[in-house]
Amino acid sequence: MRLARICTAKGVFTGEYEDGVVTTDGDDGTYVVGEDAELMAPCDPTAIFCTGRNFGAKIEQMGEGDRPDRPDWFVKPPHALHPPEAPIEYPGWVESFTYAGELAAVIGRRCHDLAADEVEDALLGYTILDDLDAYEQDRRTARKAFDGSAPLGPWIETDVDLDGMAMETVVSGERRQSATTDEMLFGPEEIVAFLSERYTFRPGDVISFGSPANPGLLEPGDTIEITYEGVGTLRNEVVAGHNA
């Protein structure tokens with residue numbers, strides 16, 4: 001099942017998405033996306049936990065040092081959240097602006113200190129994150145934690161097969177990334193369990209699992225499409241910012 005979060009004239013609702021239509025429980029409504037509803041980010045996280053250096057080919061490509069012996073992570077704040085389909089403004093204060101297509105899990109209940117075999121029951125499902133990066137800035141917080149740096153969506157898929165899941169990132173018609181989840185150094189359940197030792201997760205919190213090789217530069221006018229097999233496609237266009 002695909003769970004989408006939508007903005008309507010009556011308010012914000014979450015419902016089941018099918019063929020461009022969202023059916024909600026809160027107001028017993030049916031909404032057509034693009035006509036009487038717009039997709040929002042599919043959850044409202046208190047934090048977005050992002051895994052770094054989780055694909056060996058990317059570590060080698062980017063010269064990121066030795067492969068880690070445990071998950072490497074950083075945190076984006078809630079104001080980094082950005083909706084699917086909504087234009088991404090190219091920040092006027094950056095010179096190198098990059099994408100990274102990542103699979104992400106959404107927490108379904110408050111939880112802490114999970115074992116790996118308990119993770120599945122704690123998740124609502126999976127979605128897609130674009131880890132936008134102001135690449136030439138100093139340190140991860142300056143590079144990755146700014147407004148709108150976490151496009152997320154387009155929905156949450158509750159029924160996912162993680163084994164060998166294929167992904168690709170296409171920028172303006174050119175395929176830039178292609179990989180499978182089998183190439184991850186640490187699997188999603190392992191990462192969620194590891195982080196849950198350190199954090200108490202709230203419903204709606206997001207954990208992403210790193211980017212394959214070939215994250216790359218973006219320019220105004222580019223359209224980014226990140227697809228994970230069985231989940232969906234996160235799509236956004238880059239537009240010139242006010243000071244770009």
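## Burial and leucine 114

A residue is called buried here when its relative accessible area is under 20%, and in this predicted model leucine 114 meets that criterion because its relative accessible area is 9%. Leucine 114 does not sit in a helix or strand but in the loop between strand E11, residues 101–107, and helix H2.

Setting aside neighbours within four places in sequence, leucine 114 is in contact with Arg109, Val119, Ala122, Val192, Ala193 and Ser196. Among these partners, Val192, Ala193 and Ser196 are themselves buried residues of helix H4. Leucine 114 and threonine 200 are 86 residues apart in sequence, while their C-alpha atoms are 10 Å or less apart, at 9.9 Å.

## Helix H4 and isoleucine 191

Helix H4, which spans residues 188–196, is largely enclosed by the rest of the structure, because 7 of its 9 residues are buried. The buried positions are Pro188, Ile191, Val192, Ala193, Phe194, Leu195 and Ser196, and they pack against a mixed set of elements made up of strand E6, strand E7 (72–76), helix H2 (119–122), strand E12 (123–130) and strand E17 (206–208).

Within this helix, isoleucine 191 counts as buried because its relative accessibility is 0%. Beyond its neighbours within four places in sequence, isoleucine 191 is in contact with Thr51, Asn54, Pro71, Phe186, Ile207 and Phe209. One of these partners, asparagine 54, is separated from isoleucine 191 by 137 residues in sequence, and the two C-alpha atoms are 10.0 Å apart in space.

## Domains and the annotated span

The domain assignment divides the protein chain into domain 1, covering residues 1–39, and domain 2, covering residues 41–239. The contact between them takes 7 residues from domain 1 and 14 residues from domain 2, and the centres of the two domains, taken over C-alpha atoms, are separated by 24 Å.

An unreviewed UniProt entry places the feature "domain: Fumarylacetoacetase-like C-terminal" at residues 48–239. In the model, the C-alpha atoms at the two ends of that span lie 24 Å apart, and the span is 14% helix and 38% strand.

## Threonine 24 in strand E3

Threonine 24 belongs to strand E3, which runs over residues 21–24, and it counts as buried because its relative accessibility is 3%. Apart from its neighbours within four places in sequence, threonine 24 is in contact with Ile6, Phe13, Thr14, Gly15, Gly29 and Tyr31.

## The largest pocket

The largest pocket has a volume of about 290 Å³ and is lined by 22 residues, of which Lys58, Glu64, Asp133, Arg143 and Lys144 lie nearest its centre. By class, the lining of this pocket comprises 9 charged, 7 polar and 6 nonpolar residues.

Strand E6 (48–52), helix H1 (56–62) and helix H3 (139–144) each supply at least two residues of that lining, and the largest share, 3 residues, comes from H3. Strand E6 thus appears in two settings, since it contributes to the lining of the largest pocket and is also among the elements against which the buried residues of H4 pack.

Notes: Residues numbered from 1 in each chain as written. Predicted model: local features only at pLDDT ≥ 70, side-chain atom pairs only at ≥ 80, totals over all residues. Heavy atoms only, no water. Helix = DSSP H or I, 4+ residues; strand = E, 2+ residues; numbered from the N terminus. Buried < 20%, exposed > 50% of the residue type's maximum accessible area, 1.4 Å probe, protein only. Contact = heavy atoms within 4.5 Å. UniProt positions renumbered as here; feature names shortened; annotations may be inferred. 1 Å grid on protein atoms, 1.4 Å probe; cavity = no way out; pocket = protein on both sides within 12 Å on 5 of 7 lines; lining within 4 Å. Points joined across faces, edges and corners; volume = space filled by probe spheres on them. Nonpolar A, V, L, I, M, F, W, Y, C, P; charged D, E, K, R; others polar. Domains from an automatic or database assignment.
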